[in-house]
Amino acid sequence: IIFFAIFFGIVTVSLPYEKVGTVIKFVHGMNDIFIKMVDYIMQVAPYFVFALMAGKVSELAGDDLNAVFEIFKGLASYSGTVILGLGFMVFVLYPLVVKSVTKIGYSEFFKGMGPAQLLAFSTSSSAATLPVTMECVTDNLGVKEEVSSFVLPIGATVNMDGTSLYQGVAVVFLAQFHMIDLSLAQQLTIILTATLASIGSAAIPSAGLIMMVVVLQSVGLNPAWI
């Protein structure tokens with residue numbers, strides 16, 4: 001789909017506008033419609049996510065409050081590691097990259113991208129955050145719309161840094177949970193496979209779970225552990 005879309009776009013812009021103007025207007029119109037649909041969905045998404053999480057906890061622990069406490073206690077170290085890694089990328093790595101190639105300061109970057117980062121954290125979805133990200137980059141950081149509308153949709157699909165980190169930590173957590181000691185070679189394989197698997201993951205919540213099967217199998221672990 002990505003290859004076809006890029007090829008289609010290149011051919012479209014290479015033709016005279018009077019011949020392809022209708023197609024371009026149609027694509028822009030459909031893009032606006034889909035972005036607005038995502039916007040409506042995200043307004044009610046927190047309620048859906050809460051219901052989903054409550055159902056999963058109830059399924060695992062039933063009515064036993066102690067079991068619920070143990071579930072959250074067991075996941076605390078895992079979640080903390082993931083959030084720490086994501087925090088390093090958001091607050092250290094990304095600002096350093098931005099600072100090295102632009103004149104935008106830390107405070108300006110965080111102020112401009114704050115709404116997108118908050119929505120991304122709450123929805124866990126690059127696709128859902130994409131409209132807000134494009135708005136923040138264009139309006140707040142001054143990036144040209146032609147650049148943001150091309151780079152950001154591709155980046156939201158093939159540059160899933162958070163998914164890559166999450167998959168790597170999750171696989172190591174599952175191995176430790178089942179008392180399996182991973183060698184250095186296996187850990188490096190997990191890093192490589194998680195990076196490649198994140199490129200193929202959909203930009204929606206929990207898509208990384210599907211690709212985690214590949215990462216687990218790369219080091220001989222049981223995919224049923226997911």
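What percentage of the 226 residues in the protein chain do buried residues make up? The share is 27%, and it comes from a predicted model. The legends below start with the whole chain and then move in on its parts.

**Figure 1. An overview of the protein chain, with nine helices and zero strands.** Following the sequence from start to end, you will read the pattern α-α-α-α-α-α-α-α-α. Along the principal axes, the C-alpha atoms fill a box of roughly 65 × 40 × 35 Å. Take the contacts between residues at least 6 apart in sequence: 56% of them join residues at least 24 apart.

**Figure 2. Helix H4 packed with helix H5.** Here you see H4, residues 106-123, beside H5, residues 126-140. Two packed helices are described by the angle between their axes and the distance between the axes. For this pair, the angle is about 170 degrees and the axes are 8 Å apart. Angles over 145 degrees count as roughly antiparallel, and H4 and H5 are therefore described in that way. On the H4 side, the contact is made by Gly112, Met113, Pro115, Ala116, Leu119, Ala120 and Thr123. They meet Ala128, Thr129, Val132, Thr133, Cys136, Val137 and Asn140 of H5. Sorted by type, the residues of this contact comprise nine nonpolar, five polar and no charged.

**Figure 3. A closer look at threonine 129 in helix H5.** Threonine 129 has a relative accessibility of 3%, so this residue counts as buried. With neighbours within four places in sequence left aside, threonine 129 is in contact with Ala116, Leu119, Ala120 and Thr123. Those four names also appear among the H4 residues that meet H5.

**Figure 4. Threonine 12 in helix H1.** This view turns to another threonine, found in the helix that spans residues 2-14. Is threonine 12 buried or exposed? Its relative accessible area is 11%, and because buried means under 20%, threonine 12 is buried. Not counting residues up to four places away in sequence, threonine 12 touches Val20 and Ile24.

**Figure 5. Helix H6 and its buried residues.** H6 covers residues 145-158, 14 residues in all. From its first C-alpha to its last, H6 reaches 20 Å, close to the 20 Å expected at 1.5 Å a residue. Look for Ser148, Leu152 and Ala156, which are buried. An α-helix has 3.6 residues a turn, so residues three or four places apart point the same way. Part of what covers the buried residues of H6 is H5, the helix from Figure 2.

**Figure 6. Aromatic rings of helices H3 and H4.** The whole structure holds six aromatic pairs, and one of them is shown here. The ring centres of phenylalanine 91 and phenylalanine 110 lie 5.5 Å apart, and their planes are at 40 degrees, so the pair is tilted. Because phenylalanine 91 lies in H3 (residues 65-101) and phenylalanine 110 in H4, the pair ties together parts that are 19 residues apart in sequence. As for accessibility, phenylalanine 91 counts as exposed at 54%, whereas phenylalanine 110, at 23%, is partly exposed.

**Figure 7. An aromatic cluster of three residues.** Which residues form one aromatic cluster? They are Tyr78, Phe173 and Phe177.

Key. Residues are numbered from 1 along each chain as its sequence is written. This is a predicted model: local features need pLDDT of at least 70, side-chain atom pairs count only at pLDDT 80 or more; totals for chains, interfaces and linings use all residues. Side-chain values use heavy atoms; hydrogens and water are left out. Axes are lines fitted to C-alpha atoms, for helices over the stretch in contact, and angles run from 0 to 180 degrees between N-to-C directions. Angles under 35 degrees count as roughly parallel, over 145 as roughly antiparallel, 65 to 115 as roughly perpendicular and the rest as oblique. Contact means heavy atoms within 4.5 Å. Ala, Val, Leu, Ile, Met, Phe, Trp, Tyr, Cys and Pro count as nonpolar, Asp, Glu, Lys and Arg as charged, and the others, Gly among them, as polar. The expected span of a helix is 1.5 Å times one less than its number of residues. Buried means under 20% relative accessible area, exposed over 50%, partly exposed in between (1.4 Å probe, protein chains only). Rings of Phe, Tyr and Trp (its six-membered ring) pair if their centres lie within 6.5 Å; planes under 30 degrees apart count as stacked, over 60 as edge-to-face and the rest as tilted.
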